[in-house]
Amino acid sequence: METAFSVGSHRPDRVAIFRQLLTSATREASVAMSRWVGDVIDLTLEEVRAVPLEEVCTTLDLSEKVSILVVLTLRAPLGGQIILHFDEPNARALAKALIATGEHSSGGWSELEQSALLETGNILGCAYVNALSRMIDHELIPSAPVLVCDFAECVLEQALAEQLQYSDVVVVSRTRFTQGERNLNWWVLFLPGSQLQELMDQSLRVALPRPR
């Protein structure tokens with residue numbers, strides 16, 4: 001699982017602060033998913049690094065691939081999007097793992113499979129929203145998640161173009177999802193709107209040591 005957060009700068013100290021935030025959110029999501037599934041789910045943050053916006057699609061290897069996206073939109077005025085990106089094999093495997101009956105379809109997506117992916121997005125999204133709310137000391141309110149099957153590069157192109165107005169990089173984190181012997185991978189991207197980005201920048205300036 002990979003996560004991308006816009007930080008406005010690739011300074012190592014900013015990346016370190018987001019590592020702390022993502023570690024806390026990942027821990028919360030791991031506990032919540034374990035309770036939901038009734039089994040031990042281990043989400044482990046393995047790597048955090050800054051990536052220029054123009055390299056995000058290449059880094060995520062999104063070209064010419066139909067993807068499964070779970071999108072949560074943050075309500076204005078502190079708007080933004082949290083997007084879970086799956087390739088189809090990982091999405092199918094995750095849905096199968098989370099459905100107690102083991103039901104799965106070979107063609108379209110059954111209602112149970114869609115519900116499993118949407119609830120995963122809801123749990124992870126809420127964990128990130130809670131961590132961000134604590135960071136900026138403002139309540140963030142996410143919408144209900146929406147499931148989209150499309151070419152991820154097309155879906156993200158406009159959102160990434162808008163990010164260029166106030167940020168030139170995103171922080172990409174690599175996280176491992178483990179359930180027993182099962183290991184799955186997906187990406188999570190966080191794309192804040194301008195007002196949310198401004199509050200995040202203010203919080204980072206307060207948290208960072210002043211240059212000498």
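Residues 24 or more positions apart supply 77% of the contacts with a separation of 6 or more in the protein chain, a contact being defined by heavy atoms within 4.5 Å. The model is predicted, so that local features require pLDDT of at least 70 and side-chain atom pairs pLDDT 80 or more, while totals for chains, interfaces and linings use all residues. Residues are numbered from 1 along each chain as its sequence is written, and side-chain values rest on heavy atoms, with hydrogens and water left out.

The protein chain contains six helices and eight strands, taken as DSSP runs numbered from the N terminus (helices: H or I, at least four residues; strands: E, at least two). Along the sequence these elements follow the order β-α-β-α-β-β-α-α-β-α-β-β-β-α. Of the 212 residues, 50% are buried, where buried denotes under 20% relative accessible area, exposed over 50%, and partly exposed the range in between (1.4 Å probe, protein chains only). The exposed surface of the protein chain amounts to about 10400 Å², with 50% of it supplied by carbon and sulfur atoms; accessible areas were computed by the Shrake-Rupley method with a 1.4 Å probe, and for residues only the protein chains shown count as cover.

The largest nonpolar core comprises 48 residues, among which Phe-86 and Trp-186 touch the most other members. Such a core is a set of buried Ala, Val, Leu, Ile, Met, Phe, Trp, Tyr and Cys residues joined through side-chain atoms within 4.5 Å. Helix H4 gives the most to the largest core, with eleven residues. Beyond its neighbours within four places in sequence, Phe-86 contacts Ser-67, Ile-68, Val-70, Ala-91, Leu-94, Leu-117 and Trp-186. A second, separate core of 18 residues includes Leu-53, Ala-152, Ala-159 and Trp-187.

Two aromatic pairs were found in a search of the whole structure. Rings of Phe, Tyr and Trp (its six-membered ring) are paired if their centres lie within 6.5 Å, and planes under 30 degrees apart count as stacked, over 60 as edge-to-face and the rest as tilted. Phe-86 and Trp-186 form a tilted pair, with 5.2 Å from centre to centre and 40° between the planes. This pair links distant parts of the chain, since Phe-86 belongs to strand S4 and Trp-186 to the loop between strand S7 (182-184) and strand S8 (187-192), 100 residues apart. Both partners are buried, Phe-86 at 0% relative accessibility and Trp-186 at 2%. Phe-177 and Trp-186 form a further tilted pair, at 5.2 Å centre to centre and 50° between the planes; Phe-177 is likewise buried, with a relative accessible area of 0%. Ring pairs thereby link Phe-86, Phe-177 and Trp-186 into a cluster.

Three salt bridges are present in the structure, each being a side-chain nitrogen of Lys or Arg within 4 Å of a carboxyl oxygen of Asp or Glu. In one of them, Arg-134 pairs with Glu-28, the closest N and O atoms lying 2.7 Å apart. Arg-134 in helix H4 (residues 111-136) and Glu-28 in helix H1 (residues 12-37) are 106 residues apart, and the pair links distant parts of the chain. Glu-28 is partly exposed, at 29% relative accessibility.

Arg-92 takes part in a salt bridge with Glu-88, with the closest N and O atoms 3.2 Å apart. Both residues lie in helix H3 (residues 88-98), four residues apart, about one turn of the helix. Arg-92 is buried, at a relative accessible area of 15%, whereas Glu-88 is partly exposed at 34%. Arg-92 also forms a salt bridge with Glu-113, the closest N and O atoms being 3.5 Å apart. Arg-92 lies in helix H3 and Glu-113 in helix H4, so this pair ties together parts 21 residues apart in sequence. Glu-113 is buried, with 0% relative accessibility. Through shared partners, salt bridges join Glu-88, Arg-92 and Glu-113 into one network.

Two backbone features were noted in loops. The peptide bond from Ala-76 to Pro-77 is cis, with omega near 10°, and Pro-77 occupies the loop between strand S3 (66-74) and strand S4 (80-87). Asp-137, a residue other than glycine, has a positive phi near 60°. Asp-137 is located in the loop between H4 and strand S5 (146-151) and is exposed, at 66% relative accessibility.
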